[in-house]
Amino acid sequence: MFANSLDETAWSDLVPALKALPEGLRALARLECGSAGVLAHQGSVPQSIFCVLRGELRLVRHDRDGHELIVQRVVRGFVAEASLDMPAYHCHVMVAARASRWLRWPMAAFRQALAEDPNFQTAWRGVLAQEVRRLRAQTERLMLHSAAERVLHYVACEGRSGALRLSQPRNAWAAELGLSPETLYRTLRRLRETGRLRIEAETFYLV
């Protein structure tokens, strides 16, 4: 059973890979919560692996000018998967500025379970495949030259049936799109005025 009386079945329904966790990892899982802060610093030796249950965790870097670059944003599922085979975290692992809950495991135990349990290996391959698909979409989006194309691509890929309900502040969305907040606001206004995007509060509809 997960620590702190976590409802194991309910969370496994949200993150299917958790169903394949070996018993040893189930016993080592620690439920944590917070609304901001750094869980691991870029360049530090990986000691833990994380899985978001509610809220949001991010991988963040900063450019030479100090601007925040969001490399990965996870509202449900594993974060910083690449750290399993790396000598150091390649980004800061951060809690977004909203109430979040996540599971933490010791990195060494997680690696050992993957090496020894075939069912867990299969489930983990599915996690990695999903992340590859996400990264492909993100790379494709950031290669688009215009801000409008990036916004429309995001709504099409991350939404459902041409509609997206934004689950983060618009400033954070701008960073994920590789845009300044000012550019994003101008772009949204222009897309709405030209009839390419319908905006109702924080829900965006392709037209």
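This report describes the sheets, nonpolar cores, largest pocket and selected residues of one predicted model.

Because the model is predicted, local features need pLDDT of at least 70 and side-chain atom pairs count only at pLDDT 80 or more, while totals for chains, interfaces and linings use all residues. Residues are numbered from 1 along each chain as its sequence is written, and side-chain values use heavy atoms, with hydrogens and water left out.

**Sheets**

Helices (H or I, at least four residues) and strands (E, at least two) are DSSP runs, numbered from the N terminus. Two strands pair if DSSP finds at least two bridges between them. Strands of a sheet pair through backbone hydrogen bonds, either parallel or antiparallel. The angles given below run from 0 to 180 degrees between N-to-C directions, with axes fitted as lines to C-alpha atoms, for helices over the stretch in contact.

| Open sheet | Strand order | Pairing |
|---|---|---|
| 4 strands | β1-β8-β3-β6 | antiparallel |
| 3 strands | β9-β11-β10 | antiparallel |

In the sheet of 4 strands, the edges are formed by β1 (30–34) and β6, each of which pairs on one side only. Its neighbouring strands are turned by 35 degrees against each other on average, direction ignored. Between β1 and β8 there are 5 bridges, and arginine 30 stands opposite arginine 104 in β8. Helix α3 lies across β3, β6 and β8, at about 70 degrees to β8.

In the sheet of 3 strands, β9 (163–165) and β10 (197–200) each have a single partner strand, so one side of each is left without a neighbour in the sheet. The twist averages 15 degrees from one strand to the next. Strands β10 and β11 (203–206) are joined by 4 bridges, and leucine 197 has leucine 206 in β11 as its bridge partner. Helix α5 (147–158) packs on this sheet by touching β9, β10 and β11, and its direction makes about 95 degrees with that of β11.

**Nonpolar cores**

A nonpolar core is a set of buried Ala, Val, Leu, Ile, Met, Phe, Trp, Tyr and Cys residues joined through side-chain atoms within 4.5 Å. Buried means under 20% relative accessible area, exposed over 50%, and partly exposed in between (1.4 Å probe, protein chains only). The largest core has 36 residues, of which Leu18, Phe78, Val93, Trp105 and Phe110 touch the most other members. Among the elements that each supply at least two residues of this core are β7 (92–95), β8 (100–106) and α4 (118–142). Apart from it lies another core of 18 residues, including Ala147 and Phe204.

Contact means heavy atoms within 4.5 Å. Leaving aside neighbours within four places in sequence, valine 93 is in contact with residues including Gly37, Phe50 and Val79.

**Two further residues**

Alanine 137 is found in helix α4 and counts as buried because its relative accessible area is 15%. Its C-alpha lies 8.7 Å from that of histidine 153, although the two are 16 residues apart in sequence. Proline 181 belongs to helix α7 (181–193) and, at 27% relative accessibility, counts as partly exposed. Not counting residues up to four places away in sequence, proline 181 touches Asn171 and Ala174.

**Largest pocket**

The largest pocket is lined by 33 residues, of which Arg73, Val74, Val75, Arg76 and Gln130 lie nearest its centre. Helix α4 provides the largest share of this lining, 7 residues.

Technical notes. On a 1 Å grid over the protein atoms alone, a cavity is a set of points where a 1.4 Å probe fits but cannot get out, and a pocket is an open set with protein on both sides within 12 Å along at least five of seven lines; lining residues have an atom within 4 Å of a point.
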